[in-house]
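Let's take a walk through this fold together. Have the sequence and the 3D view open, and click along as we go.

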Amino acid sequence: MKTSEMIEANNQLRVQLNTKNKNFYENILVYIRIEGLTRDENKMEVQLLNILQDIIDAQNDGLTAEEYFGKNPKELADEILLAMPSNIWESVKLALYIVAAYIGSSFLPSLMTAGTPLDVGALVLCGIYSIISVIVVLKYVASTIYTANRKMKNKYAKIFVLWFTISLLFAPLFIIKTFVHTPIEISLDGWTGIIVIIITLIIGAIFFFRQKDKTLGWPIVIFLAGAGIMGIVTRIPAYGNSLLHTKNGRYLMAGITTILFILFCLFNIIAARKLSKQTK
């Protein structure tokens with residue numbers, strides 16, 4: 001069975017679990033998937049599916065998951081992970097995915113206005129830092145599943161701690177983009193920039209529409225599409241000169257950027273509510 005098929009089967013089978021067993025299993029699932037990001041995904045999903053089937057069978061026999069597996073599910077999860085050594089290729093794929101995700105989300109906004117060279121060096125530095133930050137955040141999230149959840153009962157406190165940690169880790173990205181300048185710069189003005197933006201939009205659209213669940217993707221796609229269109233318009237001489245070199249044009253650019261940001265926030269809220277309803 002393919003990995004995607006096992007994940008889909010897992011999603012369908014989890015519906016059969018009662019609330020207590022579902023909470024027990026989903027903690028294991030999240031912990032293993034995060035800690036197992038550098039391990040063979042197919043083998044990991046096979047183990048998760050086996051555990052789920054065991055819990056369903058135990059539930060049908062009147063046993064809870066805790067009674068069947070014991071009161072320390074972290075030990076079970078760690079044993080499974082220990083049996084699957086890290087895979088170098090999976091580690092490389094994870095690093096490349098993080099860098100691609102960062103560059104993909106920053107590339108079009110960096111090209112919103114013509115006349116500003118693209119600092120490739122700073123972009124790469126941000127990408128490298130993103131790898132470190134994402135791994136730290138994921139490790140933190142995994143550690144909270146069986147530790148902080150017991151110590152910190154208030155859900156708002158947990159959300160604040162997670163938000164503060166993420167903000168602290170990602171703040172250097174803005175510092176690098178603002179204050180770090182490298183000699184590795186390229187100019188993407190005129191038709192060269194327009195062609196690059198169009199190709200980027202097409203690649204992004206293909207990648208986005210191939211995803212099964214697009215709920216969380218819509219906000220960023222709308223923002224990046226808007227940024228790409230603005231980048232194209234500012235590179236057309238008939239419009240670019242008035243937008244970039246007149247007071248009214250700059251006000252209009254600032255207004256459009258603000259609207260795009262507001263839409264990004266609104267669609268994120270809508271996506272979060274939709275996911276919350278699906279979970280319930």
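Start with G193, which sits in helix α10, the stretch covering residues 190-209. This is a predicted model, so keep that in mind for everything that follows. Is G193 buried or exposed? With a relative accessible area of 0%, G193 is buried. Now look at what surrounds G193: once you set aside neighbours within four places in sequence, G193 is in contact with L188 and R235. R235 is 42 residues away from G193 along the chain, yet their C-alpha atoms are separated by 7.4 Å.

Zoom out for a moment. The chain has 13 helices and two strands. Of its 280 residues, 31% are buried. If you take the contacts between residues at least 6 apart in sequence, 78% of them join residues at least 24 apart. On the outside, the chain exposes about 17300 Å², with carbon and sulfur atoms supplying 67% of that area.

How far can you trust the picture? The mean pLDDT of the chain is 80, and 86% of its residues reach 70 or more. Among the elements, helix α3 has the highest mean pLDDT, at 91, while helix α8 (residues 148-151) has the lowest, at 51. Where pLDDT is low, the predicted coordinates should not be read in detail.

Next, the inside. The largest nonpolar core has 23 residues, and those with the most contacts inside it are Y25, I28, Y31, I32, L48, I51 and I55. Which helices each supply at least two residues of this core? They are α2, α3 (41-60), α5 (73-82) and α7 (120-146). Helix α2 gives the most, with seven residues. Pick I32 to get a feel for the packing: leaving out residues up to four places away in sequence, I32 touches M44, L48, A77, I80 and L81. Apart from this core lies another one, made of 21 residues that include F107, L111, M230 and M253.

Now for the charged side chains. How many salt bridges does the structure hold? There are three. One of them joins R14 and E26, with N and O 3.2 Å apart. R14 is in the loop between α1 (3-13) and α2, while E26 is in helix α2; the two are twelve residues apart, and the pair links distant parts of the chain. R14 counts as buried because its relative accessibility is 15%, under the 20% cut-off. Its partner E26 is partly exposed, with a relative accessible area of 26%.

Another salt bridge brings together the side chains of E45 and R33, at 3.0 Å from N to O. E45 lies in helix α3 and R33 in helix α2, so this pair ties together parts that are twelve residues apart in sequence. E45 is buried, at 2% relative accessibility, whereas R33 is partly exposed, with a relative accessible area of 22%.

There is also a salt bridge between D78 and K74, whose closest N and O atoms are 2.9 Å apart. Both residues lie in helix α5, four residues apart, which is about one turn of the helix. D78 counts as partly exposed at 28% relative accessibility, and K74 counts as partly exposed at 31%.

Finish with the aromatic rings. The structure holds two aromatic pairs. In one of them, F24 and F69 are stacked, with 6.5 Å centre to centre and 15° between the planes. F24 belongs to helix α2 (residues 19-35) and F69 to helix α4 (residues 65-69), so the pair ties together parts that are 45 residues apart in sequence. F24 counts as buried, at 10% relative accessibility, while F69 is partly exposed, with a relative accessible area of 24%.

F69 also pairs with Y68: their ring centres are 4.8 Å apart and their planes stand at 85°, so this pair is edge-to-face. Y68 is partly exposed, at 43% relative accessibility. Put the rings together in your viewer, and you have one aromatic cluster formed by F24, Y68 and F69.

Definitions and conventions
Residues numbered from 1 in each chain as written. Heavy atoms only, no water. Phe/Tyr/Trp six-rings, centres within 6.5 Å; stacked < 30°, edge-to-face > 60°. Buried < 20%, exposed > 50% of the residue type's maximum accessible area, 1.4 Å probe, protein only. Contact = heavy atoms within 4.5 Å. Areas by Shrake-Rupley, 256 points an atom, 1.4 Å probe, with all protein chains shown as cover. Core = buried A, V, L, I, M, F, W, Y, C linked by side-chain atoms within 4.5 Å. pLDDT = per-residue confidence, 0-100. Salt bridge = Lys/Arg side-chain N within 4 Å of Asp/Glu carboxyl O.
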